[in-house]
Amino acid sequence: MSSPRTYFASTPIYYVNDVPHPGHAYTTIAADALTRARRLQGHRVFFLTGTDEHGQNIERIAREKGVPEQQYCDGIAAVFQKLWDRLDIRHDRFIRTTDEIHRRGVLKLWDRLVSARTPDGREAVYRGTYAGWYCPRCEAFKDEGELKQPGNLCADHERSCEWTEEENFFFRLSAYDKWLRESITGGAIRIDPAGRRSEVLAMLGQGLQDFSVTRARVKWGIAVPGEPGHVFYVWLDALANYITALGFADDNPFYKTFWVGADERLHLIGKEIIRFHCLAWPAMLQAAALPVPNRFFAHGHLTKEGRKLSKTTGNTIDTDRLLEVYGPDAVRYFLLREGSFGQDWDFTDDAFFRRYNSDLANDLGNLVSRALTMVVRYCGGRVPSPAQTPARLLLAGRGGGAAAGVFERYEALDFAGALAEAWDAVRDLNQQIVRASPWEMAKDPARKAELESFLYALLEEIRWATLTVFPVMPQAASRVFRMLGQASKEPGPDDLSWGRLVPGSALGALEPLFPRLERPGKLAAPAGAKEVPVSEPPASPPAETTQAAPPDAGRVDIADFARLDLRAGEVKAAERVPGSKKLLKLQVDLGDETRQVVAGIAEAYAPEAVLGRKVVLVANLKPAKLMGIESNGMVLAASIGGQPILCTFDSDVPPGTKVK
Ligand SMILES: [Zn+2]
């Protein structure tokens, strides 16, 4: 992999006017995953997040609640910190703008700004009068054209803006137009995605306005030296956190290493705050003769079920509930896998549930459980001893090469792409198991060396796949490492070499990775609980497809019958289940989804004979595992003398049609 580099990465600091919003979790999870991917490769990283706690809004909210401002801020900052703990966020510092280290840093930056000169030789900070329409909620003056009429309303808050005049200090942003344009077009300041970069360049095209950096009407803030009654305005106060947190005030070694000396100074931001981040902040640093950020990534917004997130309408993503039901790894995985990080995307509970069951419980969970169960069974729970050198054993030509591709995707903040590549490997390994049929090798003592080599390579491949998803799912990955008998420490660059598993070493205890869910929000029994041993066919054919209903004198009423979801389905793929005479694995098209069903019909039907056939499927049957293969539903058949005869339709019906 690449030689060690030094990285600074931050989220915005979040305003404590309210408890965390799902968007905050989104940015912070992304920053954490990027940071973990970099640490894993041996890079030096500093990951900063925190809270923005000053301003008129906080003054007002604290007053309404009847508590001192600091006490109010402490309460909300604690809620953020608790959420980051629950989401497994490993930041290096949580900065609060009410911290003393921040106050001293802001004063030092101010000192530099008041004596700074613009490129054309004027004072970078000057005293001026500001008059305009002011929205106290936004803490910003609004252009006349932005207001909603009648009533001079703030478009965001639907509240009247106040005509305000005050004497403030201004930062001469207009003097940095040319420098900003050259820095951005020349690549010294990289802004992604490209659409956001164009947007920032368009802002430059409209001409930059100087902006005021102090406020005369606010008390809750950092006092401006020598100007009684003035505090620093939010954009100077808040933006400065990126350097104050590193110990800028005292020229701390962290500041020197992770800001001045960093190869990359990256700010992750939401697309709504690009103006001040990509223009005002670099210009202020340039004026103060300090290193400027060299990379910005502005992510898109989330909607829920197609509608804007809003606390008032109740259309929110309930992070607490998701964490309770699915755990932090699944939340992190879904947010980074489902949408493209730079784009807007829509969150649905249904998609969350489906990805949880298919990607996590089924693909990854099954891979790990199948592989380890075989190693326990065939190799006494110890890492197998391959006949060849481990370096030669690549099941899918993956290992290091493919992992490098995944880490490149992380570097590009293409989390969905990184995870898609990792899942290609996971699915491929599942197929390799079926193709190689190790349970067949296990029956023949002459094939022992072949079996051990295959299982060794399989475990190594799983270890590699796990390394690549570790940045997004640290807890699940750690569980896999433990099961593989690896020391419980955060993985590092040493782990990124092929053949780290020591033949003969003991595996850890097997544990479920992602318990399957029966329906959204309800956890099923832990994965593996219903599992049939992988090497032996079940004692009798699966009852659901070949046996008549149990003799039961009682009749069911219509309500009981209505609980069954019977559907017409079309068989799209069929293959024999290795090691079983009776089972076929079917992929059944139900119109809006494809179901995998294991059916006990192989003695009567060859796989080719059922392809394209219309069948009747019990669609809401609890999932079960047969020979380690998941079955999601049951195909109806009659049974004559033990021979199954499939139920079908006497004229054509589209897949998914309800059967009553
Ligand atoms: Zn407003």
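## Starting with a helix

Helices here are DSSP runs of H or I with at least four residues, numbered from the N terminus. By that reckoning, tryptophan 235 is found in helix H7, which spans residues 234–239. Keep in mind throughout that this is a predicted model.

So is tryptophan 235 buried or exposed? With 21 other C-beta atoms within 10 Å, tryptophan 235 is buried, since the cut-off for that label is 20 or more. Leaving aside residues up to four places away in sequence, tryptophan 235 touches Phe211, Val213, Phe276 and Ala280. Asparagine 252 sits 17 residues from tryptophan 235 along the chain, and their C-alpha atoms are separated by 23 Å.

## The whole chain

Let's zoom out. The chain has 660 residues, and 43% of them count as buried. It contains 21 helices and 27 strands, and its C-alpha atoms fill a box of roughly 95 × 60 × 45 Å along the principal axes. Take the contacts between residues at least 6 apart in sequence: 72% of these join residues at least 24 apart.

The chain is split into domain 1 (6–112 + 234–308), domain 2 (117–232), domain 3 (346–523) and domain 4 (543–659). Note that domain 1 is given as two stretches, 6–112 and 234–308.

## The six-stranded sheet

Now for a sheet with parallel pairing: six strands, open, in the order S3-S2-S1-S11-S12-S7. Which strands stand at the edges? Those are S3 (93–96) and S7 (190–192); each has a single partner strand, so one side of each is left without a neighbour in the sheet. From one strand to the next, the twist averages 20 degrees.

Inside this sheet, S1 (residues 6–15) and S2 (residues 44–52) pair in the parallel sense over eight bridges. Alanine 9 stands opposite phenylalanine 47 in S2. Helix H1 (residues 22–40) packs on the sheet and touches S1, S2, S11 (264–270) and S12 (295–299). The direction of H1 makes about 165 degrees with that of S1.

## A helix with a buried side

Helix H9 covers residues 253–260, and its Tyr255, Phe258 and Trp259 are buried. These residues cover an arc of only 100 degrees around the axis, which puts them on the same side of H9. What covers them? The cover includes S1, S2, helix H8 (241–244) and S11, and three of those names are familiar from the strand order S3-S2-S1-S11-S12-S7.

## Smaller strand pairings

There is also an open sheet of three strands, ordered S14-S13-S15, and here the pairing is mixed. S14 (307–308) and S15 (345–347) take the edges, each with a single partner strand, so one side of each lacks a neighbour in the sheet. S13 (residues 302–304) pairs with S14 in the antiparallel sense over two bridges. Lysine 304 has arginine 307 in S14 as its bridge partner.

Further along the chain, S18 (residues 566–576) and S21 (residues 614–618) pair in the antiparallel sense over five bridges, with arginine 567 partnered by leucine 617 in S21. S21 is also joined by two bridges to S24 (residues 634–635), and those two run antiparallel. There, the bridge partner of valine 618 is methionine 634 in S24.

## Where domains 3 and 4 meet

How many residues of domain 3 are in contact with domain 4? Nine residues of domain 3 are in contact with six residues of domain 4. On the domain 3 side, helix H13 (349–379) and helix H16 (438–443) are the elements that give two or more residues. H13 gives the most, with three residues. By class, that side of domain 3 has two nonpolar, three polar and four charged residues.

## An exposed loop residue

For a contrast with that buried tryptophan, look at alanine 155, in the loop between strand S5 (140–142) and strand S6 (162–171). Alanine 155 has 12 other C-beta atoms within 10 Å and is exposed, as the label applies at 12 or fewer. Not counting residues up to four places away in sequence, alanine 155 touches Glu146 and Lys148.

Phenylalanine 276, one of the residues tryptophan 235 touches, lies 121 residues from alanine 155 along the chain, and their C-alpha atoms are separated by 19 Å.

Technical notes
Residues numbered from 1 in each chain as written. Predicted model: local features only at pLDDT ≥ 70, side-chain atom pairs only at ≥ 80, totals over all residues. Pairing = 2+ DSSP bridges. Axes fitted to C-alpha atoms, helices over the stretch in contact; angles between N-to-C directions. Contact = placed C-beta atoms within 7 Å. Domains from an automatic or database assignment. Nonpolar A, V, L, I, M, F, W, Y, C, P; charged D, E, K, R; others polar. Arc of directions from axis to C-beta.
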